[in-house]
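The following exercises are to be worked through with the sequence and the structure in view. Each task is followed by a solution that goes step by step.

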Amino acid sequence: MNQTQIINNKSYYLEEWKRGYNSQPNEYEYEIDNIEGTIPPELQGTLFRNGPGLLDIAGTPIHHPFDGDGMISAFYFQNGKAYFRNRFVETEAYLQEKAAGKILYRGVFGTQKPGGLFNNIFDLKLKNIANTNVIYWGNKLLALWEAAEPHLLNPQTLETIGIDYLDGVLKPGESCAAHPWIDPNSVLDAGQPCLVNFAIAPGLSSKITVFEFAPDGKLLRRHSHVIPGFSFIHDFAITPHYCIFFQNPVNFNPLPFLFGLKGAGECVEFQPTKPTRVVLIPRDPHNKQVKTFMVDSGFVFHHANAFETQDRVCIDSIAYASLPEVAPNSDYKEVNFDNLDPGRLWRFTLNLQDGTVERQLLENTCCEFPAVNPDKVGRDYRYLFIGAAHQDSGKNAPLQAIMKLDMETGQRQLHSVAPHGYVSEPIFVPKPDANAEDEGWILTLVYNGKHHRSSLAILDGQNIDGEPVALLHLKHHIPYGLHGSWTNEVF
Ligand SMILES: [Fe+2]
């Protein structure tokens with residue numbers, strides 16, 4: 001996109017952007033035959049993605065995309081061909097609302113049942129919407145939503161099998177976060193990979209439980225720690241020896257939720273004048289030396305990576321100066337991006353000796369949804385790939401580009417799909433026998449607001465500002481999604 005296409009200082013058309021939040025009620029399966037470029041035959045495996053598929057229930061709009069029923073999209077790659085399938089996670093609530101043809105549950109982010117206050121007051125039932133992430137681990141495909149249990153899916157057909165308690169690790173009603181990390185080389189397990197995740201039980205004080213699972217799905221370690229104060233912790237970071245949690249400065253006032261006025265998630269109030277507490281929990285359960293650091297970070301949803309250097313731990317995170325709020329009776333699509341704080345990439349360096357924290361702005365461009373080479377998770381790394389605004393204005397804007405940041409040189413490259421395209425979270429897939437850290441493919445779903453359809457872009461990690469390796473055009477659109485993952489398994 002050249003400068004002449006920037007109209008009124010915008011690289012996007014708001015009306016086109018809004019259409020990416022149209023529901024996709026249909027379930028498809030087909031071989032993708034509309035392809036620009038060539039799918040690399042060495043790209044063998046499956047990309048799973050999750051996100052809200054329904055932004056309305058039988059025509060009644062939901063209040064926030066985070067309340068949308070989870071829909072899984074899968075791209076199966078084999079021998080230079082790609083097959084697509086999408087299917088809703090058939091949660092109990094999804095099936096009930098589908099049968100009833102109306103909203104039966106209040107959403108955490110403000111969706112209310114019809115009938116006004118008296119139909120919502122004191123109704124505290126949670127709708128497990130399974131819409132945030134999807135992972136394949138321990139021979140299980142799991143759809144994750146942080147406030148409730150995972151759902152088990154058939155990786156080939158995407159059929160929902162049911163709620164999964166991780167072989168008894170979770171009890172009914174216990175939650176499991178939607179942001180696991182895979183440690184590629186766990187020092188606690190003789191170099192075997194392991195999956196690390198957590199659960200939060202918030203309250204006047206909050207209990208953080210850390211879970212670690214072996215490649216066969218067996219529980220390796222579980223330990224819980226109570227920290228003072230309410231917590232809203234969506235993501236965390238790992239290093240070989242630590243889990244790192246940012247306890248954002250928030251208050252929780254449950255009264256508007258109890259009285260049917262707001263969703264529970266809308267009752268979280270950001271406290272911009274208070275510091276974030278960074279909680280460092282050793283991964284070895286025998287080490288009880290939990291450390292807490294204080295820093296002004298703003299609000300953090302996602303961490304890009306973390307690593308240890310001698311007596312320091314560095315965490316790279318996307319931080320906002322404030323937490324965006326969607327007021328009751330407002331429309332999340334009627335947004336003025338210029339009025340929202342941008343997400344910016346910061347490095348927080350914890351000094352384990354003196355307990356201080358330094359912070360450094362790494363990137364001023366509005367960005368979100370980071371990804372690194374999976375071999376570098378928890379390790380010092382050079383390359384970060386992240387969704388970014390088209391313009392380097394420092395203002396909030398839709399994500400229309402994939403940015404590659406070189407931490408060593410400070411160089412950055414941008415693959416922009418503006419003005420009609422909107423990117424999703426990038427996923428880095430290393431090439432077989434790769435030597436260099438950036439030797440791999442970047443997979444990202446791109447919604448085109450002009451044509452109202454989505455395409456999967458395959459970019460070359462070493463040349464992301466060049467032409468895509470391939471563009472796989474779907475026959476329809478996928479609403480803006482949240483997270484996903486890659487597995488080398490072909491189903
Ligand atoms: Fe997330």
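Helices and strands are DSSP runs, of at least four residues for a helix and at least two for a strand, and they are numbered from the N terminus. The model used here is predicted.

**Exercise 1. Locating a residue with an unusual backbone angle**

Task: State in which loop N79 lies, and decide whether N79 is buried or exposed.

Solution.
Step 1. N79 belongs to the loop between β6 and β7.
Step 2. The relative accessibility of N79 is 58%. Exposed means over 50%, so N79 counts as exposed.
Step 3. The phi angle of N79 is near 50°, a positive value in a residue other than glycine. Most residues other than glycine have a negative phi.

**Exercise 2. A second residue with positive phi**

Task: Determine where A130 lies and whether A130 is buried or exposed.

Solution.
Step 1. A130 is found in the loop between α3 (117-120) and β8 (133-137).
Step 2. Its phi is near 50°, again positive in a residue other than glycine.
Step 3. The relative accessible area of A130 is 0%. Buried means under 20%, so A130 is buried.

**Exercise 3. A peptide bond**

Task: Identify the residues that a cis peptide bond joins.

Solution.
Step 1. Most peptide bonds are trans.
Step 2. Between A418 and P419 the bond is cis, with omega at about 5°.
Step 3. P419 sits in the loop between β29 (412-416) and β30 (421-423).

**Exercise 4. The iron site**

Task: Name the protein donors of the iron ion, and explain why their arrangement is irregular.

Solution.
Step 1. The donors are the NE2 atoms of H179, H234, H302 and H483, which lie 2.0 to 2.1 Å from the iron ion.
Step 2. The angles that the four donor atoms subtend run from 92 to 156°. A tetrahedral arrangement requires all angles between 85 and 135 degrees. The range of 92 to 156° makes the arrangement irregular.
Step 3. Along the chain, the donors follow the spacing H-x54-H-x67-H-x180-H.
Step 4. One pair of donors links distant parts of the chain: H179 is in the loop between β11 (160-163) and β12 (181-183), and H234, 55 residues apart from it, is in the loop between β15 (219-228) and β16 (237-238).
Step 5. H179 is buried, since its relative accessible area is 9%. H234, at 11% relative accessibility, also counts as buried.

**Exercise 5. The overall form**

Task: Explain why the protein is described as being as compact as a globular protein of its length.

Solution.
Step 1. The protein has four helices and 35 strands.
Step 2. Its radius of gyration is 21 Å, and the globule rule gives 23 Å for 491 residues; these values are close, so the protein is as compact as a globular protein of that length.
Step 3. Along the principal axes, the C-alpha atoms fill a box of roughly 60 × 55 × 50 Å.
Step 4. Of the 491 residues, 57% count as buried.
Step 5. Among contacts with a separation of 6 or more, residues 24 or more positions apart account for 60%.
Step 6. The protein exposes about 20300 Å², of which carbon and sulfur atoms supply 49%.

**Exercise 6. The nonpolar cores**

Task: State how many residues the largest nonpolar core has, and which have the most contacts inside it.

Solution.
Step 1. The largest nonpolar core has 41 residues, and F75, F77 and L472 have the most contacts inside it.
Step 2. Elements that give two or more residues to this core include β6 (70-78), β7 (81-88) and β34 (470-473). The largest share, four residues, comes from β32.
Step 3. With neighbours within four places in sequence left aside, the contacts of L472 include I32, F77, A82 and I458.
Step 4. Another core, of 39 residues, lies apart from this one, and V196, V377, Y381 and M403 are among its members.

**Exercise 7. A buried loop residue**

Task: Decide whether R379 is buried or exposed, and find residues in contact with it.

Solution.
Step 1. R379 is in the loop between β26 (367-371) and β27 (383-388).
Step 2. R379 has a relative accessible area of 18% and is therefore buried.
Step 3. With neighbours within four places in sequence left aside, residues in contact with R379 include D183, P240, N305 and F307.

Methods:
Residues are numbered from 1 along each chain as its sequence is written. This is a predicted model: local features need pLDDT of at least 70, side-chain atom pairs count only at pLDDT 80 or more; totals for chains, interfaces and linings use all residues. Side-chain values use heavy atoms; hydrogens and water are left out. Donors are N, O and S atoms within 2.8 Å of the metal (3.2 Å for Na, K and Ca); water is not among the atoms, so sites may look incomplete. Four donors count as tetrahedral if all angles lie between 85 and 135 degrees; four count as square planar and six as octahedral if opposite donors are over 155 degrees apart and all others between 65 and 115; anything else is irregular. Buried means under 20% relative accessible area, exposed over 50%, partly exposed in between (1.4 Å probe, protein chains only). The radius of gyration is taken over C-alpha atoms; the globule rule is 2.2 Å times the number of residues to the power 0.38. Contact means heavy atoms within 4.5 Å. Accessible areas come from the Shrake-Rupley method with a 1.4 Å probe; for residues, only the protein chains shown count as cover. A nonpolar core is a set of buried Ala, Val, Leu, Ile, Met, Phe, Trp, Tyr and Cys residues joined through side-chain atoms within 4.5 Å.
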